[in-house]
Amino acid sequence: MTPRRIVIGDVHGHYKGLMTLLEAIAPDSEERIYFLGDLIDRGPQSAQVVKFVQESSYNCLLGNHEQMLLDSFIKGKIQHAVLQAWLYSGGHATLASYPKGRIPVHDLDWMQTLPTHLDLGDIWLVHAGVHPEIPLEEQTADQFCWIRHEFHSMSQPYFANKLIITGHTITFTLPGVEPGKIAAGSGWLDIDTGAYHRRSGWLTGLDISNAIVYQVNVFDNYVRTLPLEKTLTPVQPDQIVARKQNGVMANW
């Protein structure tokens with residue numbers, strides 16, 4: 001049997017939920033786990049999540065929340081505007097999860113090593129997406145960690161032979177998508193089902209080898225396993241364009 005490849009969406013400090021999710025997935029030592037970034041912020045146990053992923057053999061991408069934290073301290077100097085933005089975006093919870101509110105240099109150094117994307121051949125992993133009008137080699141963490149509208153409104157897949165899997169944008173903020181559902185666009189899937197958000201609470205792991213979705217609700221510890229096809233909600237590019245034109249765009 002071919003080892004599974006499993007992608008996990010934004011954890012946002014929900015260590016207990018992550019442990020429950022991994023218990024349900026039950027990966028063996030030969031199976032590959034990939035985190036899409038945003039391990040930290042908003043949830044109560046960011047330090048524990050970071051420690052666990054660091055000490056595991058699992059792959060992890062850079063998310064915009066890790067990027068904000070890193071950008072808050074450049075060459076030992078505090079970048080006050082970025083720091084305030086990070087704290088406002090859930091950084092207070094991350095600091096509270098560390099003893100005395102101090103993040104070890106070791107953790108920051110590890111975050112600096114996180115890649116912005118991973119190419120698995122048929123699957124391309126990235127935290128937020130890609131800009132459809134910019135060559136891949138010219139894109140940076142600004143696109144890979146932050147993009148929303150331009151990516152979700154693509155009318156044609158960015159890659160001819162690769163499916164892009166992302167987190168970053170909570171799926172229920174996209175038109176027609178209910179909490180806990182996975183959003184499907186033109187050549188992409190979004191599996192950030194909003195673990196930290198009270199409207200959802202779902203943390204998602206996608207077994208891309210067998211098209212199976214594992215989910216745990218971090219607020220009540222409820223676990224469910226579903227075929228991928230049962231969780232997908234198509235998102236039409238014109239719906240995204242219309243939302244932006246009407247000024248109704250979420251920014252979680």
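## Contacts, sheets and helix packing in a predicted model

S89 touches D41, R42, H65 and M68, leaving aside residues up to four places away in sequence. The structure is a predicted model. S89 lies in helix α4. Is S89 buried or exposed? S89 has a relative accessible area of 15%, so S89 counts as buried; the cut-off for buried is under 20%. R198 sits 109 residues from S89 along the chain, and the C-alpha atoms of the two are separated by 16 Å.

### Helices α3 and α4

Two packed helices are described by the angle between their axes and the distance between the axes. Helix α3 covers residues 64–71, and helix α4 covers residues 80–97. Their axes are 8 Å apart and meet at an angle of about 145 degrees. The crossing of α3 and α4 is left-handed. Which residues make the contact? From α3 come H65, M68, L69 and D71. From α4 come V82, A85, W86 and S89. By class, this contact holds five nonpolar, two polar and one charged residues. S89 thus appears again here, and two of its partners, H65 and M68, belong to the α3 side.

### The sheet from β3 to β13

One open sheet has six strands in the order β3-β2-β1-β11-β12-β13, with mixed pairing. Its edge strands are β3 (59–60) and β13, each pairing on one side only. Strands of a sheet pair through backbone hydrogen bonds, either parallel or antiparallel.

Strand β12 spans residues 212–217. Is β12 mostly covered or mostly open? Five of the six residues of β12 are buried, so the strand is mostly covered. On one side, β12 pairs with strand β11 (residues 202–207) in the antiparallel sense. That pairing runs over six bridges. W202 stands opposite N217 in β12. The hairpin of β11 and β12 has four residues between the strands. In this hairpin A211 takes a positive phi near 55 degrees.

β12 also pairs with strand β13 (residues 223–227), again in the antiparallel sense, and this pairing runs over five bridges. Q215 stands opposite R224 in β13. β12 and β13 form a hairpin with five residues between them. In the turn, N221 has a positive phi of about 65 degrees.

The residues with positive phi described in this report are listed here.

| Residue | Place | Phi |
|---|---|---|
| A26 | follows α1 | near 50 degrees |
| A211 | hairpin of β11 and β12 | near 55 degrees |
| N221 | turn of the β12 and β13 hairpin | about 65 degrees |

### Helix α1 against this sheet

Helix α1 spans residues 15–25. Which of its residues are buried? They are G17, L18, T20, L21, L22 and I25. What covers them? The cover includes strands β1 (5–8), β2 (32–35), β11, β12 and β13, together with helix α2 (46–55). β1, β2, β11, β12 and β13 are also strands of the sheet just described. A26 comes after α1, and its phi is positive, near 50 degrees.

### The sheet from β6 to β14

Another open sheet of six strands has the order β6-β7-β8-β10-β9-β14. The pairing is mixed. Its edge strands are β6 (117–119) and β14 (232–234), and each pairs on one side only. Neighbouring strands of this sheet are turned by 20 degrees against each other on average, with direction ignored. Inside this order, strand β7 (residues 123–126) and strand β8 (residues 163–166) pair in the parallel sense. Three bridges join β7 and β8. The bridge partner of I123 is L163 in β8.

### H152 in helix α7

H152 belongs to helix α7, which spans residues 149–152. How accessible is H152, and what does that make it? H152 counts as buried because its relative accessibility is 2%, and buried means under 20%. Not counting residues up to four places away in sequence, H152 touches T169, L174, W188, D190, P237 and I240.

### The chain as a whole

The chain holds nine helices and 14 strands. Of its 252 residues, 53% count as buried. Among contacts with a separation of 6 or more, 63% come from residues 24 or more positions apart. The C-alpha atoms fill a box of roughly 45 × 45 × 35 Å, taken along the principal axes. Why does the radius of gyration agree with a compact globule? With 252 residues, such a globule would have a radius of gyration near 18 Å, and the chain has 17 Å, so the two agree.

Terms used:
Residues numbered from 1 in each chain as written. Predicted model: local features only at pLDDT ≥ 70, side-chain atom pairs only at ≥ 80, totals over all residues. Heavy atoms only, no water. Buried < 20%, exposed > 50% of the residue type's maximum accessible area, 1.4 Å probe, protein only. Contact = heavy atoms within 4.5 Å. Pairing = 2+ DSSP bridges. Axes fitted to C-alpha atoms, helices over the stretch in contact; angles between N-to-C directions. Left-handed = near helix turned anticlockwise from the far one by under 90°. Nonpolar A, V, L, I, M, F, W, Y, C, P; charged D, E, K, R; others polar. Rg over C-alpha atoms; globule rule 2.2 N^0.38 Å.
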